[in-house]
Amino acid sequence: MKLLVLGGTGFLGPHQIDQAEAREWEITIFNRGKTPVRMFQDDFDKVKRLYGDRDPDKGEGLKSIAEAIAAGERWDAVIDNSGYVPRVAKASAELLKDACRQYLFVSTISVYASNAEADADESAAVETLEDPATEEVARYYGPLKAACEREVQSVYGDRATIVRPGLIVGPGDPTDRFTYWPVRCHRGGRVLIPAASPRTQFVDVRDLAAFTINCVEQGHGGVYNATGPRGPLYFREMLDGCKAVVSTPVEFVEASDEFLQEHGVGAWMGANSMAMFIPPGPEYAGFSSRSNTAAIEHGLTFRPLAETAKATLDWFLASPRAGEPMGTRAGLTPEKESELLALLATP
Ligand SMILES: NC(=O)c1ccc[n+]([C@@H]2O[C@H](COP(=O)([O-])OP(=O)(O)OC[C@H]3O[C@@H](n4cnc5c(N)ncnc54)[C@H](OP(=O)(O)O)[C@@H]3O)[C@@H](O)[C@H]2O)c1
């Protein structure tokens, strides 16, 4: 198989490359060459590189891909990890139309218009843009991704694969949303956790990478929510799983939603947040419970939580950030956590 990855050097791309390398595929990656290659350095030595900005209006844009195509280059599959704006997604989709067999676009479950319904599948309505010309990714991430999906589907039809991951976790995750928990358990002692335990979902980056590689290998078109695990998982079960991979004594100390809100602890991510946690409520009943049946039927598998937690912890402890305190990207800083634990201990 010959594979072209648009991206390849962030979080998901290196794992896709690792797995495609294991299958002895010929891999080319296209990016600006700005992001340093850290993971799987050995594998990258064998990867062909094309440089450019995927925005056709920036610099030489997609020229290096156009030149490769003109010189006769063809790929069995393209995996587009780095499309966020429909104008830009359309440009690469059209350029590569006759140069590849399958085009897989990595989207997100943030495309959905509502998070109220539990277990909704891929047929649920997606968000639309009020202003179709907007390119404000930070503000309109979900609807822009949905618009990118439509561009890819309109060019490729049945040859398009749209993968909508939920929260991606594991080695290399720059966000700390899941990482915070195994790392915090590893530090040990009294660990502040939310008292509520709603359903939660995530996908190990290695399982997601394998799914994308399988999809293009087997030519699966269609739309797939790619999030796990196989059945309902509750937040406290996820925390117990993280605790189970450390040898340090840990005591979980529960805090109510009211207490967390009162003390300025946010949800999901950001400095001094309850990492990965969304307080239960009707608006978010479906946020972490998307149906993954279609993806499972097309080859998505899930490694045990313990493997994800241990690999994430090991990666973090071997990274340059190992000695730094957590809580700036997601989770609580040690100071904030101590302050809150002291308050909870005071009757
Ligand atoms: N993290 C999550 O929890 C989550 C959840 C759902 C969906 N997703 C989706 O999953 C995907 C993950 O992407 P990833 O960053 O891990 O992919 P990746 O393939 O590992 O890396 C993306 C690479 O694209 C390159 N790039 C960025 N902008 C570019 C541009 N204008 N032109 C050319 N190259 C460009 C960057 O390298 P250079 O800087 O060198 O150009 C970057 O390293 C995204 O589509 C995201 O929306 C993520």
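Start by selecting the ligand in this predicted model, together with the 29 residues around it, among which Gly 8, Thr 9, Thr 35, Asn 81 and Tyr 141 come nearest. Colour this shell by residue class, and it divides into 14 polar, 9 nonpolar and 6 charged residues.

Next, display the polar contacts of the ligand, taking three of its oxygen contacts in turn. At Gly 10, a polar backbone atom lies 2.7 Å from an oxygen atom of the ligand. Move on to Arg 32, where the contact is made through the side chain, with an N or O atom placed 2.8 Å from a ligand oxygen. Then select Gly 33, where a polar backbone atom is 3.1 Å from an oxygen atom of the ligand. With these contacts on screen, switch to a surface view: the ligand taken alone exposes 930 Å², and the protein buries 86% of that.

Which elements give two or more residues to the shell around the ligand? Select helix H1, residues 12-22, and helix H5, residues 137-156, which are the elements that do so; the largest share, 3 residues, comes from H1.

Stay with H1 and follow the chain into the loop between this helix and strand E2, residues 26-31, where Glu 24 is found. Although Glu 24 is not a glycine, its phi is positive, at about 60 degrees. This deserves a pause, because most residues other than glycine have a negative phi.

Now leave the ligand and turn to the second largest pocket, which holds about 390 Å³ of space. It is lined by 18 residues, and those closest to its centre, which make a convenient selection, are Arg 38, Met 39, Gly 172, Trp 315 and Ser 319. Coloured by class, the lining of this pocket shows 9 nonpolar, 5 polar and 4 charged residues. To see how the pocket sits with respect to the domains, colour domain 1 (2-165) and domain 2 (171-201 + 232-283 + 304-345) separately; the lining draws at least three residues from each of them.

For the last stop, select Pro 229, which lies in the loop between strand E10, residues 222-226, and helix H8, residues 235-243. Show the backbone here and look at the peptide bond that joins Gly 228 and Pro 229: this bond is cis, with an omega of about 0 degrees. As a point of reference for this view, most peptide bonds are trans.

Technical notes. Residues are numbered from 1 along each chain as its sequence is written. This is a predicted model: local features need pLDDT of at least 70, side-chain atom pairs count only at pLDDT 80 or more; totals for chains, interfaces and linings use all residues. Side-chain values use heavy atoms; hydrogens and water are left out. On a 1 Å grid over the protein atoms alone, a cavity is a set of points where a 1.4 Å probe fits but cannot get out, and a pocket is an open set with protein on both sides within 12 Å along at least five of seven lines; lining residues have an atom within 4 Å of a point. Grid points are joined across faces, edges and corners, and a volume is the space filled by probe spheres set on the points. Ala, Val, Leu, Ile, Met, Phe, Trp, Tyr, Cys and Pro count as nonpolar, Asp, Glu, Lys and Arg as charged, and the others, Gly among them, as polar. Domain bounds come from an automatic or database domain assignment. A residue is near a molecule or strand if one of its heavy atoms lies within 4 Å of it. A polar contact is a pair of N or O atoms within 3.5 Å; within protein, one must be able to donate a hydrogen and the other to accept it, and residues adjacent in sequence count only if both atoms are side-chain atoms. Accessible areas come from the Shrake-Rupley method with a 1.4 Å probe; for residues, only the protein chains shown count as cover. Helices (H or I, at least four residues) and strands (E, at least two) are DSSP runs, numbered from the N terminus.
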